[in-house]
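Trainee: I should like to go through a structure in a careful way, asking for the grounds of each term. May we begin once it is in view?

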Amino acid sequence: MQLAQLHRPLVAASSSGSSAARTGAALRQLQDGLAALRIGNTNQAVEGRRYASVKSQGAYRIRDSSTIPKNLGAKKTGDTYVIPGNILFKQRGTKWHPGENVGMGRDHTLFSKVTGYVKYYKDPAKHPDRQYIGVVFNKEDKLPYHAHAMRKRKLNMTASVIPEAKIEPEISASGIPNQVVRQGYGRNPHPRDERIYKLQKDGSYAYREENWRLGSLIRTEKRKMGSRRVAMKHRRRTVKAIQLEMRRDREDKIARRKEALDEQRAAKQKKFRDYYARKKAEAEAAAGGAAPPTEKPAPRAQA
């Protein structure tokens, strides 16, 4: 800068000011220095610059309220009581891994499988750096469990032998059957239409169907999670099966009705034949003067 160059002439001028004799060269040098100190638009070396003393604020942006919040993070802290299905941690990726009695959903959400208390821990035996979330039955337990520790069970359950079902006799003590089987309707009944009624043990001599058999009578359909075309094909297939079953029932009903009518017609014809045969025998007996033949009773055995 030119300010550094002006330092030497100013010092010389100040030191020579006290002397009475000033040479013309010193005066010219002082005038040149003062002329250089003049601040103008053309001299940018010594031009002053002013900076802001207060920091300016950025543009204010309104938060978009149309986006759905993700609500990620921990939902249950350590030693918190949870029940099956409670969400423990929501995340993107596996920052925390499922541990004891904990499952993971499709979006990496960790949830509890049993009733118990939440534990955050690390298991170096599985992985040196991974973090796990588990659920224990007792609040005092610590995870991870020992590698050869006994398996923890809810309510101290132990393995037990299931007793074999007792075989009931076909005839009860009162002399009536213990169960009655009713077949379905039609000439070829379907096995699912078979109904089994058990004799009640309350002494009422009444038959009743078991509850689990009543529940199995309700037909449930599993929804097809495919495309609309797959759903349409499944619906058409179901409708066609129902129509075929209704047609079979209708044909069976018509066949049974026809058999009943044929039996009635045959019985009526036999009745008419017997009637005409009897009338004819009576007419022949009246024309011949003899009594109509009668059936002789069977001889009794003599004692």
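**Reasons behind the terms**

Mentor: Arg-213 and Glu-210 form a salt bridge, their closest N and O atoms being 3.2 Å apart. The model is a predicted one.

Trainee: Why is the pair of Arg-213 and Glu-210 called a salt bridge?

Mentor: The term requires a side-chain nitrogen of Lys or Arg within 4 Å of a carboxyl oxygen of Asp or Glu. For Arg-213 and Glu-210 the closest N and O atoms are 3.2 Å apart, and the pair therefore satisfies the cut-off of 4 Å. Side chains of opposite charge can pair when their charged atoms come close. The structure holds 5 salt bridges.

Trainee: Are Arg-213 and Glu-210 buried or partly exposed?

Mentor: Partly exposed is the term for values between 20% and 50% relative accessible area. Arg-213 has 23% and Glu-210 has 26%, so both residues are partly exposed.

Trainee: What makes Asp-79 and Lys-119 a salt bridge?

Mentor: Their side chains meet with an N to O distance of 2.5 Å, and the pair therefore falls within 4 Å. Asp-79 lies in the loop between strand 1 (73-74) and strand 2 (81-82), whereas Lys-119 belongs to strand 7 (residues 116-122), so the bridge ties together parts that are 40 residues apart in sequence.

Trainee: Which terms describe the accessibility of Asp-79 and of Lys-119?

Mentor: Lys-119 has 14% relative accessibility and so counts as buried, the limit being under 20%. Asp-79, with 36%, is partly exposed.

Trainee: Where do the partners Arg-265 and Asp-262 lie?

Mentor: Both lie in helix 4 (residues 228-288), 3 residues apart, which is about one turn of the helix. Their closest N and O atoms are 2.9 Å apart, so this pair also meets the cut-off of 4 Å. Arg-265 is partly exposed at 45%, and Asp-262 is partly exposed at 37%.

Trainee: How do you know that Thr-109 is buried?

Mentor: Its relative accessibility is 9%, so Thr-109 counts as buried, given that the limit is under 20%. Thr-109 is placed in the loop between strand 5 (102-104) and strand 6 (110-112). Leaving aside residues up to four places away in sequence, Thr-109 touches Ile-87, Phe-89, Lys-90, Gly-103 and Met-104.

Trainee: What makes the link between Thr-109 and Asp-107 a polar contact?

Mentor: The side chains of Thr-109 and Asp-107 are joined at 2.9 Å. The cut-off for the N or O atoms of such a pair is 3.5 Å, and the contact of 2.9 Å therefore lies within that cut-off.

Trainee: Which residues make up the largest nonpolar core?

Mentor: This core has 11 residues in all, including Val-82, Trp-96, Ile-133 and Phe-137. Strand 3 (87-90) and strand 8 (131-136) are the elements that give two or more residues to this core.

Trainee: How do you know that Ile-133 qualifies as a buried residue?

Mentor: Ile-133 has 0% relative accessibility and so counts as buried. Ile-133 is in strand 8. The C-alpha atoms of Ile-133 and Trp-96 are separated by 6.8 Å, although the two residues are 37 residues apart along the chain.

Trainee: Which residues make the nonpolar surface patch of about 350 Å²?

Mentor: That patch is made by Phe-272, Tyr-275 and Tyr-276. Phe-272 is in helix 4. Patch residues need over 30% relative accessible area; Phe-272 has 43% and is partly exposed, so Phe-272 passes that limit.

Trainee: What makes the backbone of Asn-101 and His-108 worth a remark?

Mentor: Most residues other than glycine have a negative phi, and most peptide bonds are trans. Asn-101 has a positive phi of about 60° although it is not a glycine, and His-108 has a positive phi near 65°. Asn-101 lies in the loop between strand 4 (97-98) and strand 5, and His-108 in the loop between strand 5 and strand 6.

Trainee: Which residues does a cis peptide bond join?

Mentor: The bond joins Leu-143 and Pro-144, with omega about 0°. Pro-144 lies in the loop between strand 8 and strand 9 (179-182).

Key:
Residues are numbered from 1 along each chain as its sequence is written. This is a predicted model: local features need pLDDT of at least 70, side-chain atom pairs count only at pLDDT 80 or more; totals for chains, interfaces and linings use all residues. Side-chain values use heavy atoms; hydrogens and water are left out. Helices (H or I, at least four residues) and strands (E, at least two) are DSSP runs, numbered from the N terminus. Buried means under 20% relative accessible area, exposed over 50%, partly exposed in between (1.4 Å probe, protein chains only). A polar contact is a pair of N or O atoms within 3.5 Å; within protein, one must be able to donate a hydrogen and the other to accept it, and residues adjacent in sequence count only if both atoms are side-chain atoms. Contact means heavy atoms within 4.5 Å. A nonpolar core is a set of buried Ala, Val, Leu, Ile, Met, Phe, Trp, Tyr and Cys residues joined through side-chain atoms within 4.5 Å. Patches are made of residues with over 30% relative accessible area and no salt bridge: like charges are joined within 9 Å, nonpolar side chains (Val, Leu, Ile, Met, Phe, Trp, Tyr) within 5 Å. Accessible areas come from the Shrake-Rupley method with a 1.4 Å probe; for residues, only the protein chains shown count as cover.
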